[in-house]
Amino acid sequence: MPVSEAWHQRLANARAVRQHARQWRTRRTRQPHLVNFADNDYLGLAKDPRVQAAQAEGARRFGAGASASHLVNGHHALHDDLEEALAAWTGRERAVLFSTGYMANLGVLQALADTHTAIFHDRLNHASLLDGSALSGARSRRYHHNDSDDLSRLLARSRCTHKLVVSDGVFSMDGDVADIEALVRVSQQHDAWLMIDDAHGLGVIGNNGSGCVGTRWGSDQVPILVGTLGKALGTAGAFVAGDAQLIDHLTQFARSYIYTTAQPPGVSAATLEALAIVQREPEHRLRLARHIDYFREEALRLNLPLGESRTPIQPLYLGGESRVLQWAEQLYQAGIDVGAIRPPTVPRDESRLRITLSARHSRRDIDRLLETLAACHLEAL
Ligand SMILES: *Cc1c(COP(=O)(O)O)cnc(C)c1O
């Protein structure tokens, strides 16, 4: 068999282009000894012994995997329990589980939209939302970040009967929160549906940790609510919450729901436990809020280039990629892991360190981070 030279060339070219742009990513294996300010485990639930035990027990009783898709016979009683708990938490009639947030967004948009639909995205929406739009074949427009006037202009120009406004709840790379009130108002003015992906808000903000939409806005205002379980809840998977008509539609038409194995029952058991902790123990959220205030206060005192975020996502806007990499490396050498976010994840010249705070951090962890950042900052002057 001859090696296909054409394929070899294609991959080599793609690599060369990425490397030339200095965008070739390297994967670093997680080092448990580092103080971690890079992940999305905002409440420390991924390592909560109660959550871990629930996962082990779920696996022991019901299997390491679900062993089939939901519509065949992989839908376990634990999945029902979790869907009901998630619906109640977010004040919705029903919820349906997906294996990941990425798949939830692909599934929702593919199941709802087609070439006769217009989808309006915030410019900073998560990649999974943009990919879902592309998959659906809908006409997509992007409005300026968190700018409901721009959205309103675009909606007014659309002649589509079915219009869908889509936004992150908490923006994943900036940490700012969508203006839900304005999005609800403008969507209703233009007879559009509103979909909020609250991956980073759930568990962290709102009533009972129910996120930036949660129980404050009902299905009449925000018909489609997406949440992920791999962030503040510390486990894995995702869900869509809404009224029965929407959820029934998704279970029938969302291909990323239908053609995949259901999530392992142990993961659902762990999520149920994590959700109970979120609802029962507000102290984790309060501790996190104190960390956020403290970090911001001290970082501002050090003149670090902070954004406006009041959430656990605290980006430092350093501009150039090389500076971001340099700081990240210096932090790494000091035993601290932060995210170095660069194009194509963010626009050119908007590279940043993405620092995430968690209730599991101690004040000393944060002081250590601040000291190292201060040293980086001094050297850069
Ligand atoms: C992380 C994230 C997702 C993807 O969720 P996964 O469960 O990790 O696939 C979707 N949307 C937003 C806004 C996210 O931040």
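The protein chain is built from 14 helices and eleven strands. Keep in mind as you look around that this is a predicted model.

Let's start with the overall build. With 381 residues, a compact globule would have a radius of gyration near 21 Å, and the chain agrees with that because its own value is 21 Å. Of the 381 residues, 52% count as buried. Among contacts between residues at least 6 apart in sequence, 72% join residues at least 24 apart. Here are some values for the whole chain:

| Property of the protein chain | Value |
|---|---|
| Box filled by the C-alpha atoms, along the principal axes | roughly 60 × 60 × 50 Å |
| Exposed area | about 18400 Å² |
| Share of the exposed area from carbon and sulfur atoms | 49% |

Next, the largest pocket. Its volume is about 810 Å³. Of the 25 residues that line this pocket, Thr26, Asp337, Val338, Gly339 and Ala340 are the closest to its centre. Helix H13 (321–333) and strand E10 (336–341) each supply at least two lining residues, and E10 gives the most, with six residues. By character, the lining divides into ten nonpolar, six polar and nine charged residues.

Finally, a residue to click on: Phe295, in helix H12 (residues 283–301). Phe295 has a relative accessible area of 0%, so it counts as buried. Leaving out residues up to four places away in sequence, Phe295 touches Leu306, Gln314, Ile355, Leu357, Ile366, Leu369, Leu370 and Leu373. One of these partners, Leu369, is 74 residues from Phe295 in sequence, with 9.3 Å between their C-alpha atoms.

Key:
Residues are numbered from 1 along each chain as its sequence is written. This is a predicted model: local features need pLDDT of at least 70, side-chain atom pairs count only at pLDDT 80 or more; totals for chains, interfaces and linings use all residues. Side-chain values use heavy atoms; hydrogens and water are left out. On a 1 Å grid over the protein atoms alone, a cavity is a set of points where a 1.4 Å probe fits but cannot get out, and a pocket is an open set with protein on both sides within 12 Å along at least five of seven lines; lining residues have an atom within 4 Å of a point. Grid points are joined across faces, edges and corners, and a volume is the space filled by probe spheres set on the points. Helices (H or I, at least four residues) and strands (E, at least two) are DSSP runs, numbered from the N terminus. Ala, Val, Leu, Ile, Met, Phe, Trp, Tyr, Cys and Pro count as nonpolar, Asp, Glu, Lys and Arg as charged, and the others, Gly among them, as polar. Buried means under 20% relative accessible area, exposed over 50%, partly exposed in between (1.4 Å probe, protein chains only). Contact means heavy atoms within 4.5 Å. The radius of gyration is taken over C-alpha atoms; the globule rule is 2.2 Å times the number of residues to the power 0.38. Accessible areas come from the Shrake-Rupley method with a 1.4 Å probe; for residues, only the protein chains shown count as cover.
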